[in-house]
Amino acid sequence: MTPGRRGRRVVAAAPAGAGAARQSPAAPGQAAAVDALNTMLTATHAAIYAAAAAGGALAPLGPAAAGARELARLSWVAHQALRDDLVAVIGARGGQALPALPAYRIPATPVSVAASLALLAQIEDAFAAAAHDATAVLGTDARELAVDALSGAAVRAQRARLAAGLPPATATRALPGAS
């Protein structure tokens with residue numbers, strides 16, 4: 001999957017054939033919600049891949065990278081749990097969850113601790129934007145999932161920034177998808 005860009009956000013493109021899955025929820029009136037949830041799912045698939053890439057790049061760097069490795073692991077675990085929740089919610093709405101692709105193009109190469117931390121911040125920001133955008137079309141039950149995911153991503157992104165020595169002001173806006 002190759003990411004596209006909307007403004008300053010990295011956005012993962014949907015896999016081929018995804019249009020049919022997004023447009024065929026069984027429950028009437030659920031198409032917009034299923035589409036928004038699948039957008040979040042696509043972003044979380046990409047985040048899982050990127051967090052694993054960051055963690056893998058940090059693995060041979062030894063004790064100096066232990067804190068950064070833990071941040072990558074926490075991101076990876078959080079997005080795996082969220083993936084499972086999104087798949088369940090999409091299925092409950094009669095939709096078809098989009099599958100993960102075998103590989104994704106990540107926005108930065110994690111060649112050092114600082115680069116890996118910057119990548120973690122970027123992927124969490126991209127996911128937070130997708131979660132924010134989803135809140136506009138989701139009902140109360142799924143909106144809670146999106147808001148919780150957005151806040152978790154924002155916290156993980158800021159932790160990665162601070163660990164990289166970046167100023168807190170480099171964070172995206174509090175509501176990343178808002179105009």
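**Exercise 1. Find how α2 and α4 are oriented to each other, and which residues make the contact.**

Step 1. In this predicted model, the axes of α2 and α4 cross at roughly 170° and come within 9 Å. Axes are lines fitted to C-alpha atoms, for helices over the stretch in contact, with angles from 0 to 180 degrees between N-to-C directions.

Step 2. α2 is therefore roughly antiparallel to α4, a term for angles over 145 degrees.

Step 3. On the α2 side the contact (heavy atoms within 4.5 Å) includes Met40, Ala43, Thr44 and Ala47. On the α4 side, Leu120, Ile123 and Phe127 are among them.

Residues are numbered from 1 along each chain as its sequence is written, and side-chain values use heavy atoms, with hydrogens and water left out. Local features need pLDDT of at least 70 and side-chain atom pairs count only at pLDDT 80 or more, while totals for chains, interfaces and linings use all residues.

**Exercise 2. Describe the packing of α4 and α5.**

Step 1. The axes of α4 and α5 lie 8 Å apart, at an angle of about 160°.

Step 2. This angle makes α4 roughly antiparallel to α5.

Step 3. Residues of α4 in the contact include Leu117, Glu124 and Phe127; those of α5 include Arg143, Ala149, Leu150 and Ala153.

**Exercise 3. Place Phe127 in the largest nonpolar core.**

Step 1. A nonpolar core is a set of buried Ala, Val, Leu, Ile, Met, Phe, Trp, Tyr and Cys residues joined through side-chain atoms within 4.5 Å; buried means under 20% relative accessible area (1.4 Å probe, protein chains only).

Step 2. The largest such core has 24 residues, and Phe127 is one of those touching the most other members, as are Leu37, Met40 and Leu82.

Step 3. Two or more residues each come from α2 (31-58), α3 (66-92), α4 (113-135) and α5 (140-163). α2 gives the largest share, seven residues. These helices are DSSP runs (H or I, at least four residues), numbered from the N terminus.

Step 4. Beyond four places in sequence, Phe127 contacts Met40, Ala43, Thr44, His79, Leu82, Ala149, Leu150 and Ala153.

**Exercise 4. Decide whether His45 is buried or exposed.**

Step 1. His45 lies in helix α2.

Step 2. His45 is buried, because its relative accessible area is 7%.

Step 3. Leaving aside neighbours within four places in sequence, His45 contacts Arg83, Leu98, Pro99, Ala100 and Tyr104.

**Exercise 5. Find where pLDDT is under 50.**

Step 1. The chain's mean pLDDT (the predictor's confidence in each residue, from 0 to 100) is 83.

Step 2. Over residues 1-26, pLDDT stays under 50.

Step 3. Where pLDDT is low, the predicted coordinates should not be read in detail.

Notes:
Buried means under 20% relative accessible area, exposed over 50%, partly exposed in between (1.4 Å probe, protein chains only). Angles under 35 degrees count as roughly parallel, over 145 as roughly antiparallel, 65 to 115 as roughly perpendicular and the rest as oblique.
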